[in-house]
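Subject: Structure handover and what was found in it

Dear colleague,

I am passing on the structure we spoke of, and I would be glad if you looked at it before reading my notes. The findings follow below it, ordered from the whole chain to single residues.

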Amino acid sequence: MEAILLEYAWVLLVLIGLEGLLAADNAVVMAVMVKHLPKEQQKKALFYGLAGAFIFRFAALFMITLLVNIWQIQALGAAYLLFISIKHIYDQRKSETGHAIDVEPEPKKGSGFWMTVLKIEMADIAFAIDSMLAAVALAVTLPHLNVFGMSDIGGINSGQFFVMLAGGLIGVIIMRFAAHKFVKLLETYPQLETAAFVIVGWVGVKLLVMTLSHEKLGILPHDFPHSTPWTITFWVVLVGIVVVGALLGVKKKKEEEAEAK
């Protein structure tokens, strides 16, 4: 029993680390989504997003066998993230070339508080599937363990279920605090906003790869999204975007400060 508990503890630690990595890119998406809101509303929107993420991850564990068959959810998530990323970069380029009006337009109704919360919740659904698929792949290797006298929960062994749930919920908490930090970072260095939107687009590519590798589409190999080459490629590109964005952002801020003097 001690050996089994140690194995569970080790897998839980790995899951927390994995969720922390997944939370990093998810948090950037959340930060970008709430950035336009007043500070008090930003906190509320992130709180509602946190509550939704808890619910969706809990539901995803019960419905994982059903959700994995609905590739359209991941496709919609990918399309939305790619859309907001490309639109922001296009609008910024248009503004820089002088084709846009200098006065900022009034915010659209779609940018209101509850619409922002809805967008966060929709992104949470896609993220929950991504997170739980990774958790299931890791936890199913564990030996069966009955917790609280229950053998199975939602078609999953109770021991495996609770270790996946614990890892997922801890990951959500990491995502919430990381998103708050990213919002502050974007406020301090608004020049980083473009890099943040590029990251949003890259996360959209990640969801697109998962969609294309779905067994019902079969455009990419089913195991490709979790393969070592793709995982390394994703994180190398993500870190590259962060490094280049940070260097350009700091350089631009120094130039603006020099011009101000």
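A residue is called buried here when its relative accessible area is under 20%, exposed when that value is over 50%, and partly exposed in between. By that reading, 39% of the 261 residues of the protein count as buried. Please keep in mind throughout that this is a predicted model.

**The protein as a whole**

The secondary structure comes to seven helices and two strands, and along the sequence these elements follow the pattern α-α-α-α-β-β-α-α-α. If one takes the contacts in the protein with a separation of 6 or more, 81% of them are accounted for by residues that stand 24 or more positions apart. The accessible surface of the protein comes to about 14,600 Å², and 69% of that surface belongs to carbon and sulfur atoms.

**Helix α2 and its contacts**

Helix α2 spans residues 39-67 and holds Tyr-48, and Phe-58 lies in helix α2 as well. Tyr-48 has a relative accessible area of 33%, and is therefore partly exposed. Together with Phe-47 and Trp-114, Tyr-48 forms a nonpolar patch on the surface, and the accessible area of these three residues together is about 370 Å².

Tyr-48 also appears among the contacts of Glu-121, a residue placed in helix α4, which covers residues 113-139. Is Glu-121 buried or exposed? With a relative accessible area of 15%, Glu-121 is buried, because the limit for that class is under 20%. Once the neighbours within four places in sequence are left aside, Glu-121 is in contact with Tyr-48, Gly-49, Gly-52, Ala-53 and Phe-56.

Phe-58, for its part, is partly exposed, since its relative accessible area is 38%. When residues up to four places away in sequence are not counted, Phe-58 touches Phe-161 and Leu-165. Phe-58 and Ala-166 are 108 residues apart in sequence, while their C-alpha atoms are 9.8 Å apart in space.

**Helix α5**

Ile-170 is found in helix α5, which runs over residues 158-188. The relative accessible area of Ile-170 is 31%, so this residue counts as partly exposed. Which distance separates the C-alpha atoms of Ile-170 and Phe-54, given that the two residues are 116 residues apart along the chain? The separation between those two atoms is 9.5 Å.

**Helix α7 and the negative patch**

Helix α7 takes in residues 228-260, and Glu-255 lies within it, as does Val-244. Val-244 has a relative accessible area of 48% and is therefore partly exposed. Val-244 and Ala-195 are 49 residues apart in sequence, and from C-alpha to C-alpha they are 8.1 Å apart in space.

Further along the chain, Glu-255 gathers with Glu-256, Glu-257 and Glu-259 in a patch of negative charge on the surface. Glu-255 counts as partly exposed, because its relative accessibility is 42%, a value that falls between the limits of 20% and 50%.

With kind regards

How values were computed. Residues are numbered from 1 along each chain as its sequence is written. This is a predicted model: local features need pLDDT of at least 70, side-chain atom pairs count only at pLDDT 80 or more; totals for chains, interfaces and linings use all residues. Side-chain values use heavy atoms; hydrogens and water are left out. Patches are made of residues with over 30% relative accessible area and no salt bridge: like charges are joined within 9 Å, nonpolar side chains (Val, Leu, Ile, Met, Phe, Trp, Tyr) within 5 Å. Accessible areas come from the Shrake-Rupley method with a 1.4 Å probe; for residues, only the protein chains shown count as cover. A salt bridge is a side-chain nitrogen of Lys or Arg within 4 Å of a carboxyl oxygen of Asp or Glu. Lys and Arg count as positive and Asp and Glu as negative; His and the chain ends are not counted. The place of a charge is taken as NZ of Lys, CZ of Arg, CG of Asp or CD of Glu. Helices (H or I, at least four residues) and strands (E, at least two) are DSSP runs, numbered from the N terminus. Buried means under 20% relative accessible area, exposed over 50%, partly exposed in between (1.4 Å probe, protein chains only). Contact means heavy atoms within 4.5 Å.
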